[in-house]
Amino acid sequence: MKGLTTMTDVFEEHRNLLFSVAYRMLGTVADAEDAVQDAWLRWSSGDRSGVAEPKAYLVRITTNVALDRLRSAQARRETYVGPWLPEPMLTSPDIAEDAELSESVSMAMMVVLETLSPLERAVFVLKEVFGYPYAEIARALDRSEASVRQLGTRARKHVEARRPRFEAGGAERRAATERFLDAMLGGDINRLMEVLAPDVALWTDGGGKVKAPRRAIFGADKVGRWLAAVHGRPYKGVEPADMGVRRVDINGEPALVLDGPNGPISTITADVDASGRVLAIHLVANPDKLRSVSEGRRLPM
């Protein structure tokens, strides 16, 4: 019994870390939970006599399980109806104090991670987010350190090209996002146009289960008009009078949750540039991706 308790305690001590790795690898809560559960089964049923560093061993198991699941998930996402966006998760406002941590889990970053190969994503997450040395990542992935370094360099350049670093501090970034949320809540197209970048993109994920644009909308004029057009209108069968709006933090950034009588209808997040204008808007309305928000579950950091 003591051995079982110790085995369980060790795993529980690192569960949040394992989930955080798996979520950044897979982009959905259910897949991340399944990866952690698979890691537990391998940990609890395997021979641990030669494990000197349980944390590193568990991260290795979880990463490889997530890699296998990601390869399968990418095939499924090719037939997904409309744009595929990561599953939003509530976060504590305290995360904003750590700009790099907040950035690492932002919806914009998670979208960019989707464009990496599974191996590139694994190396990037372990190196750039969690700070693991290349030598340790190489052992985890059973690859040479040289090949892992190449993967890391390629992934970092890919991410930097598609996700320029926001030069201003976290407070300025949050203030810029709040200005957009205020403008959107007001439904004033003129105010919206002031905060939208000329090449802004609107991505909506309905998953084919709710009515939503099946292609991204590009350009400030088109995006502004679409947002203004849907403001104050019924959505997903819910009348405006029966809707509520909550300001929350999602994936490390200010966001909105649109609520109906039976729970969340959608989440809305924004990505801003160095000048404080909105580069991208991510609207998630697929009910399967709103469960964790409905449950009030927060992403462990």
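# Exercises on contacts, packing and burial

In this structure, Leu258 touches Tyr235, Met243, Gly244, Val245, Pro264, Ile265 and Ser266, when residues up to four places away in sequence are not counted. The model is a predicted one. The exercises below begin with this residue.

## Exercise 1: Leu258

Determine in which element Leu258 is placed, and decide whether Leu258 is buried or exposed.

Solution.

Step 1. Locate the residue: Leu258 belongs to strand S4, which covers residues 253-260.

Step 2. Consider the accessibility. The relative accessibility of Leu258 is 18%, and the limit for a buried residue is under 20%. Leu258 therefore counts as buried.

Step 3. Compare sequence with space. Leu258 and Arg247 are 11 residues apart along the chain, and their C-alpha atoms are separated by 9.1 Å.

## Exercise 2: Helix H3 and its two partners

Describe how helix H3 is arranged against helix H6 and against helix H7.

Solution.

Step 1. Choose the quantities. Two packed helices are described by the angle between their axes and the distance between the axes.

Step 2. Treat the pair H3 and H6. Helix H3 spans residues 54-77 and helix H6 spans residues 118-129; their axes come within 10 Å and cross at roughly 145 degrees. The crossing in which H3 passes H6 is right-handed.

Step 3. Identify the residues that meet. From H3 these are Val59, Thr63, Leu67, Leu70, Arg71 and Gln74, and from H6 they are Pro118, Leu119, Arg121, Ala122 and Leu126. Sorted by character, the residues of this contact of H3 with H6 are seven nonpolar, two polar and two charged.

Step 4. Treat the pair H3 and H7. Helix H7 spans residues 134-141, and its axis and that of H3 come within 9 Å, with a crossing angle of roughly 60 degrees. H3 and H7 are therefore oblique to each other. H3 passes H7 in a right-handed crossing.

Step 5. Identify the residues of this second contact. Ala56, Arg60, Thr63, Asn64 and Leu67 of H3 meet Glu136, Arg139, Ala140 and Leu141 of H7. The contact of H3 with H7 comprises four nonpolar, two polar and three charged residues.

## Exercise 3: The nonpolar cores

State how many residues the largest nonpolar core has, and which helix gives the most to this core.

Solution.

Step 1. Recall the general tendency. In soluble globular proteins, nonpolar side chains tend to be buried together.

Step 2. Give the count. The largest nonpolar core has 49 residues, and those with the most contacts inside it are Phe11, Phe19, Tyr23, Met25, Trp43, Leu113 and Ile137.

Step 3. Name the contributors. The elements that give two or more residues to this core are H1 (2-26), H2 (29-45), H3, H5 (107-113), H6, H7 and H8 (145-162). H1 gives the most to this core, with 11 residues.

Step 4. Examine one member. Leaving aside neighbours within four places in sequence, Met25 is in contact with Thr63, Ala66, Leu67, Leu70, Pro118, Arg121 and Ala122.

Step 5. Note the other core. Apart from the largest core lies another, of 27 residues, among them Ala176, Leu192, Val200 and Val238.

## Exercise 4: Three loop residues

For Thr28, Thr115 and Pro213, decide whether each residue is buried, partly exposed or exposed.

Solution.

Step 1. Thr28 is placed in the loop between H1 and H2. With a relative accessibility of 11%, Thr28 counts as buried. Beyond its neighbours within four places in sequence, Thr28 is in contact with Tyr23, Arg77, Trp84 and Glu87.

Step 2. Thr115 is found in the loop between H5 and H6. Its relative accessible area is 45%, so Thr115 is partly exposed. Leaving aside neighbours within four places in sequence, Thr115 is in contact with His158 and Arg162. Thr115 and His158 are 43 residues apart in sequence, and 8.7 Å separates their C-alpha atoms.

Step 3. Pro213 lies in the loop between strand S1 (196-205) and strand S2 (217-218). Its relative accessible area is 21%, so Pro213 is partly exposed. Residues up to four places away in sequence not being counted, Pro213 touches Pro83, Thr204 and Trp226.

## Exercise 5: Positive phi

Find the sign of phi for Asp142 and Asn251, and decide whether each is buried or exposed.

Solution.

Step 1. Recall the background. Most residues other than glycine have a negative phi.

Step 2. Asp142 has a positive phi of about 55 degrees, although it is not a glycine. Asp142 is placed in the loop between H7 and H8, and with a relative accessible area of 64% it is exposed.

Step 3. Asn251 has a positive phi near 50 degrees. Asn251 lies in the loop between strand S3 (244-250) and S4. At 0% relative accessibility, Asn251 counts as buried.

Definitions and conventions: Residues are numbered from 1 along each chain as its sequence is written. This is a predicted model: local features need pLDDT of at least 70, side-chain atom pairs count only at pLDDT 80 or more; totals for chains, interfaces and linings use all residues. Side-chain values use heavy atoms; hydrogens and water are left out. Axes are lines fitted to C-alpha atoms, for helices over the stretch in contact, and angles run from 0 to 180 degrees between N-to-C directions. Helices (H or I, at least four residues) and strands (E, at least two) are DSSP runs, numbered from the N terminus. A crossing is left-handed if the near helix is turned anticlockwise from the far one by less than a right angle, and right-handed if clockwise. Contact means heavy atoms within 4.5 Å. Ala, Val, Leu, Ile, Met, Phe, Trp, Tyr, Cys and Pro count as nonpolar, Asp, Glu, Lys and Arg as charged, and the others, Gly among them, as polar. Angles under 35 degrees count as roughly parallel, over 145 as roughly antiparallel, 65 to 115 as roughly perpendicular and the rest as oblique. A nonpolar core is a set of buried Ala, Val, Leu, Ile, Met, Phe, Trp, Tyr and Cys residues joined through side-chain atoms within 4.5 Å. Buried means under 20% relative accessible area, exposed over 50%, partly exposed in between (1.4 Å probe, protein chains only).
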